[in-house]
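Biologist: I'd like to learn how to read strands and sheets in a model. Can you walk me through one?

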Amino acid sequence: MAGKQSQLETLIEPIVESLDYRLWGIEFVSRGRNSLLRVYIDAEDGITLEDCEKVSRQVSAVMDVEDPIADEYTLEVSSPGLDRPLFRLEQYEMMTGHTVSIRLRVPFEGRRKYRGIIKGIEDQDVVVEADGHELLLPIESIDKAQVIPQFD
């Protein structure tokens, strides 16, 4: 699945950037004959519904021509929101100090799920303080991570 994700990102990122947005990330969920392709876009001033519609039209047109997904799929274009998913190492670095929920591909110290504060990045590892301990989690071992919004 990582290969398909990478292929889709390579195809979609130039489209998003040509429209003056930043590709935050892509989720591709294969659901048999009807998959889901979710594209997260971001911009300095935030994202509006019109921004999503504009990107959706362009991505859809290119996907129709390139046809990288064999079966039917649903395309969703969205802002990453306050509870944004994290995809890239630089995004974890941008979110230093924020609370995150992390699910690992394989258990680490007997657990796959952690909730903690991002402390930074060391090489290819995300440093997270969880349960009073500092953990070094290799980026490739993280299956899913999401910022947990804090409201004061």
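Modeller: Sure, and let's begin with an idea we'll need: two strands pair if DSSP finds at least two bridges between them. Keep in mind that this is a predicted model. Here, strand β6 (residues 125-130) and β7 are joined by six bridges and run antiparallel. Within that pair, Ala130 stands opposite His133 in β7.

Biologist: Okay, so which sheet do those two strands sit in, and what is its order?

Modeller: They're part of an open sheet of five strands, ordered β7-β6-β5-β4-β8, and the pairing is antiparallel.

Biologist: Which strands are at the edges there?

Modeller: Those are β7 (133-138) and β8 (142-147), each of which pairs on one side only. As for twist, neighbouring strands of this sheet are turned by 40° against each other on average, if you ignore direction.

Biologist: Let's try another sheet. What is the order of the sheet of three strands?

Modeller: That open sheet reads β1-β2-β3, and its pairing is mixed. β1 (22-29) and β3 (72-78) are the edge strands; each has a single partner strand, so one side of each has no neighbour in the sheet. The twist from one strand to the next averages 15°.

Biologist: How many bridges hold β1 and β2 together?

Modeller: Seven bridges, with β1 and strand β2 (residues 34-42) paired in the antiparallel sense. For a spot to look at, find Leu23, which stands opposite Ile41 in β2.

Biologist: And which helix packs on this sheet?

Modeller: That's helix α2 (residues 49-66), which touches β2 and β3. The direction of α2 makes about 150° with that of β3.

Biologist: Now for the loops. Which residue between α1 and β1 should I look at?

Modeller: Try Asp20, which lies in the loop between α1 (2-18) and β1. Its phi is near 70°, a positive value in a residue other than glycine.

Biologist: Is Asp20 buried or exposed?

Modeller: For that call you need a cut-off: exposed means over 50% relative accessible area. Asp20 has 68% relative accessibility, so it counts as exposed.

Biologist: Where is Glu109 found?

Modeller: Glu109 is in the loop between β4 (99-108) and β5 (111-122). Glu109 isn't a glycine, yet it has a positive phi of about 55°.

Biologist: And is Glu109 buried or exposed?

Modeller: Use the cut-off again: the relative accessible area of Glu109 is 63%, so this residue is exposed.

Key
Residues numbered from 1 in each chain as written. Predicted model: local features only at pLDDT ≥ 70, side-chain atom pairs only at ≥ 80, totals over all residues. Heavy atoms only, no water. Helix = DSSP H or I, 4+ residues; strand = E, 2+ residues; numbered from the N terminus. Axes fitted to C-alpha atoms, helices over the stretch in contact; angles between N-to-C directions. Contact = heavy atoms within 4.5 Å. Buried < 20%, exposed > 50% of the residue type's maximum accessible area, 1.4 Å probe, protein only.
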